[in-house]
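Thanks for sharing this one. Here are my notes, as numbered points, to read with the model open beside you.

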Amino acid sequence: MLLFLVLFIIILSTLSMINRRDKHSTLLFFSSISLGIFWIGILIFIAKKGGIDKSVETLLFLTKNLKEVLQFKYIPITRQSYIVAFGRYLFPLFVLLLSLHLHIGNTFKRAKKHWMMFLILPIISLIIYYPTFFDLFISHNELLMSFILFGSVTWVFCYIILSWILIINEYNNISSSYFKKRFLFNTLPIFSMSGLFSLYAPQDPAQIFLFYRNEFMSDKGLWYLSKGLNTSVYVIIGTLSLLSALIGFITLSRQLQIKWIEDKEEAVLRQQNITASNGANIFFHGIKNQLIANKILNKRLFAEIEKSNIDNPEIRNLAATMKINNAQMLEKMETLYQSFRQNEIHFKPIDCNSIIDESILKFVKKYPQGKVFVSSPNNVMVLGDKSYLSEAFYNILTNGWESELEKNLDKQSNLEIIVKEERTHVVFTFKDYGVGISKLNKKKIIEPFFSSKNSVNSWGMGINYTMKIVKNHMGTIRFESKNNITYVDIILPKYKGSN
């Protein structure tokens, strides 16, 4: 069973690398491959050694037939030992490199910069344990062999422990619960695989290479298959191995499932936008021409009122209201048209506070009574287009304020913008105390032309347009309502020149 779980972990990490194509998935792939090589080498030797309990046999091999295939397959003992050596000395290296990649803080900055120094011990070990070299220079010197056995197991576990320290240190430096959960979810496969590896890592390849030739090695044997252990200990070891592999398998499969769902939802939304955009141009120009014609008629109406010297306040008010409504409709149509246009985005480093200031200016122009409280550190920068990002922020502020107006017409609370740095990202949190977002509307609000407000006042394109701007800036947007507060998080990659 364990053999199949390890193979599934390799398959899932391979799919993850093909899907994501980034450094994280590549290092995870090489970690799982090296673990698989190590584990298969161990299983081959266990099968050939024999003498294991049936329950342990099921945990390790699932079926007796598979165990017998490995048991009677001709594989030279020198090759068996080097298969174990190859996996044993590469897995800690890739896990450590993956942990260094995930570590963003300054605690281990120097170690991350000089990552190539971690290649030295694995390369030396693979040279020493190469069968021909080991047989000629090491195998006949018991003192030297004892030193190498102790040194190799020491550095292997030092690499594993250091990788755990890096991950735990990075986790403790994250303040956002969202990023903590995301980081933990991404690092669970590392803990599960290194846990499975650690159970069998004390097995030295030399113990396999010299098992039938050297009494010193024969006495040591496989610690987890020694004669002193009873069946219950075998089952405990096997169960721990199974749990470690199972956690890695479940986490990796869940990561792929989430990525697949996100890609599917994004594809559906993209198709909805394309469909909406196809008929939108005709709609825009038709309605816009009609509004311009109404504008001309409105001018003629005012001219006729002045010409006829009509002194009826009701007629003048109706004409003025018609003029205002027409102008508002023209403005809304232009905004709607802009949301469908595929304009160029010019990326450059921008101070986060300048984006917020510009969005607040736009917001106050529409709602002069609106107040926004800002909490933001200095010299934090993102890479993007200021005009587009300020438009996205303005849409969020407008929605928040209108939500507060809908909830309480007499008194509104201040809107809030809180900016925080989280590892490689900047999180802009927008808070309002309005009606909130229901679970039913949480996924619908990013769809084109969806609005929970009165359709006369809202076209339902503000959040959709904001989402497109954020996506074009390689960011994400999250919505959450709890305790009568609505939180909208816009998460953007942090510019490296920040602070």
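1. Leaving aside residues up to four places away in sequence, Ser 198 touches Phe 157 and Ile 160. This is a predicted model, so please read each point below in that light. Ser 198 itself belongs to helix α10, which covers residues 177–200.

2. Is Ser 198 buried or exposed? With a relative accessible area of 18%, Ser 198 is buried, because the cut-off for buried is under 20%. Its side chain also has a polar partner: one of its polar atoms lies 2.7 Å from the backbone oxygen of Ser 194. As background, an α-helix has 3.6 residues a turn, so residues three or four places apart point the same way.

3. Next, helix α9, residues 142–172. How far apart should the ends of its 31 residues be? At 1.5 Å a residue the expected span is 45 Å, and the end C-alpha atoms are indeed 45 Å apart, so the two agree. At the N-terminal end of α9, Asn 141 acts as a cap, with a side-chain oxygen 3.3 Å from the backbone nitrogen of Leu 143.

4. Now the sheet. Five strands make up an open sheet in the order β2-β4-β5-β7-β6, and the pairing is mixed. The edges are held by β2 (372–375) and β6 (476–482); each has a single partner strand, so one side of each has no neighbour in the sheet. On average, neighbouring strands here are turned by 20° against each other, ignoring direction.

5. Strand β7 (residues 485–493) deserves a closer look. It pairs with β6 in the antiparallel sense over 7 bridges, and 8 bridges join it to β5, again antiparallel. Of the 9 residues in β7, 7 are buried, so to speak of the strand as mostly covered is fair.

6. Which residues stand opposite one another along these strands? Val 488 of β7 faces Phe 479, and Val 488 is also the bridge partner of Phe 430. Arg 478, in turn, stands opposite Asp 489 in β7.

7. The link between β6 and β7 is a hairpin with 2 residues between the strands. In that turn, Asn 483 has a positive phi of about 55°, a value you may like to look at in your own viewer.

8. Two helices lie across the sheet. Helix α15 (residues 352–366) crosses β2, β4 (415–422) and β5 (425–432), and runs at about 180° to β2. Helix α16 (residues 386–407) lies across β2, β4, β5, β6 and β7, at about 25° to β5.

9. How many of the 22 residues of α16 are buried? The count is 16, so α16 is largely enclosed by the rest of the structure. From first C-alpha to last, α16 reaches 32 Å, close to the 32 Å expected at 1.5 Å a residue.

10. Finally, the overall picture. The protein has 18 helices and 7 strands, and 42% of its 499 residues count as buried. Among contacts between residues at least 6 apart in sequence, 75% join residues at least 24 apart. The exposed area is about 26800 Å², with carbon and sulfur atoms supplying 61% of it.

Conventions. Residues are numbered from 1 along each chain as its sequence is written. This is a predicted model: local features need pLDDT of at least 70, side-chain atom pairs count only at pLDDT 80 or more; totals for chains, interfaces and linings use all residues. Side-chain values use heavy atoms; hydrogens and water are left out. Helices (H or I, at least four residues) and strands (E, at least two) are DSSP runs, numbered from the N terminus. The expected span of a helix is 1.5 Å times one less than its number of residues. A polar contact is a pair of N or O atoms within 3.5 Å; within protein, one must be able to donate a hydrogen and the other to accept it, and residues adjacent in sequence count only if both atoms are side-chain atoms. Buried means under 20% relative accessible area, exposed over 50%, partly exposed in between (1.4 Å probe, protein chains only). Contact means heavy atoms within 4.5 Å. Accessible areas come from the Shrake-Rupley method with a 1.4 Å probe; for residues, only the protein chains shown count as cover. Two strands pair if DSSP finds at least two bridges between them. Axes are lines fitted to C-alpha atoms, for helices over the stretch in contact, and angles run from 0 to 180 degrees between N-to-C directions.
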